[in-house]
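Me: I am new to this structure and would like a close look at one part of it. Please pick out a single strand and walk me through its surroundings.

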Amino acid sequence: MSVTDHDLEHAGLRLGKLLDSQRRTIATAESCTGGWVAKVLTDRPGSSAYVMAGLVTYSNGAKQALLGVKEETLDAHGAVSEPVVREMVSGAVRAAGVDVAVAISGVAGPGGGSEGKPVGTVWFAWGAGGASTEAAVRHFQGDRDQVRRQSVLFVLEAVTEYIERTSSVS
């Protein structure tokens, strides 16, 4: 799947309008996407009303220091794992004091993959931390740019759906 700048812009605008209309705030905790989700969200004028922080925690040390990811979790599961992205969401919510956060950790390539986690493997989480957090893994195809683009689009759409679902329950 080829993801264009237009696709990202559209998904970012949709999420931004939803956050703005519900007066909700968001933070991002990104590894392999290097702040791209935060960039897409802040492309919209007025985004400071709902984007509170964008944390690029590329190294395990940064995940621990900035987000409170436990060393034991990293040792047991590796950075590209469900437990780690769940802890990243909780840490981002806590650090930024937001309503919702997204987290991404993956292997964008071209190197760094393994048999268990090949290039294109990306873990995502989104939610308000704790039991409300949802997670998913995807295995994307393409070069580094396309893996990252697909990751950004996926999480923007997933958190939009999450907010729509949880706001109708509230």
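Reply: What follows is a tour of strand 4, in a model that is predicted.

Start with the position. Strand 4 covers residues 121-127. The strand belongs to an open sheet of five strands, in the order 2-1-3-4-5. The pairing in this sheet is mixed. Strand 2 and strand 5 are the edge strands, and each pairs on one side only. On average, neighbouring strands of the sheet are turned by 10° against each other, direction ignored.

Now the two neighbours. Strand 3 and strand 4 run antiparallel, joined by six bridges. One partner to find is Gly-127 in strand 4, which bridges to Ala-101. Strand 4 and strand 5 also run antiparallel, and six bridges join them. Strand 5 itself spans residues 134-139. Two of its links are easy to trace. Thr-121 has His-139 as its bridge partner in strand 5. Ala-125 has Ala-135. Strand 4 and strand 5 form a hairpin with six residues between the strands. In that hairpin, Gly-129 takes a positive phi near 95°.

Next, burial. Seven of the seven residues in strand 4 are buried. Both faces are covered. On one side sit Thr-121, Trp-123, Ala-125 and Gly-127. On the other sit Val-122, Phe-124 and Trp-126. Phe-124 counts as buried because its relative accessible area is 0%, and the cut-off for buried is under 20%.

What lies around these side chains? In soluble globular proteins, nonpolar side chains tend to be buried together. The largest nonpolar core here has 33 residues. Phe-124 and Trp-126 are among the members that touch the most others, along with Leu-15, Ile-26, Val-37, Leu-156 and Ile-163. Strand 4 is one of the elements that give two or more residues to this core. The others are helix 1 (5-22), helix 2 (36-42), strand 3 (100-106) and helix 6 (144-169). Helix 6 gives the most, with ten residues. Another core, of 21 residues, lies apart from this one. Its members include Val-85, Ala-92, Val-93 and Ala-101. Ala-101 is the residue whose bridge partner in strand 4 is Gly-127.

Finally, look at the rings. The structure holds three aromatic pairs. Phe-124 and Phe-140 form one that is edge-to-face. Their centres are 6.2 Å apart, with 80° between the planes. This pair links distant parts of the chain, 16 residues apart. Phe-124 is in strand 4, whereas Phe-140 is in the loop between strand 5 and helix 6. Phe-140 is buried too, with a relative accessible area of 12%.

Trp-126 and Phe-154 form another pair. Their ring centres are 6.0 Å apart and their planes stand at 65°, so this pair is edge-to-face. Why does that angle qualify? Planes over 60 degrees apart count as edge-to-face, so 65° passes the cut-off. Here the partners are 28 residues apart, with Trp-126 in strand 4 and Phe-154 in helix 6. Trp-126 and Phe-154 are both buried.

Put these rings together. Phe-124, Trp-126, Phe-140 and Phe-154 form one aromatic cluster. Two of its rings, Phe-124 and Trp-126, come from the face of strand 4 that also carries Val-122. To retrace the tour, begin at Thr-121 and its partner His-139. Then follow the buried residues along strand 4 to Gly-127.

Note on methods
Residues are numbered from 1 along each chain as its sequence is written. This is a predicted model: local features need pLDDT of at least 70, side-chain atom pairs count only at pLDDT 80 or more; totals for chains, interfaces and linings use all residues. Side-chain values use heavy atoms; hydrogens and water are left out. Two strands pair if DSSP finds at least two bridges between them. Helices (H or I, at least four residues) and strands (E, at least two) are DSSP runs, numbered from the N terminus. Axes are lines fitted to C-alpha atoms, for helices over the stretch in contact, and angles run from 0 to 180 degrees between N-to-C directions. A nonpolar core is a set of buried Ala, Val, Leu, Ile, Met, Phe, Trp, Tyr and Cys residues joined through side-chain atoms within 4.5 Å. Buried means under 20% relative accessible area, exposed over 50%, partly exposed in between (1.4 Å probe, protein chains only). Rings of Phe, Tyr and Trp (its six-membered ring) pair if their centres lie within 6.5 Å; planes under 30 degrees apart count as stacked, over 60 as edge-to-face and the rest as tilted.
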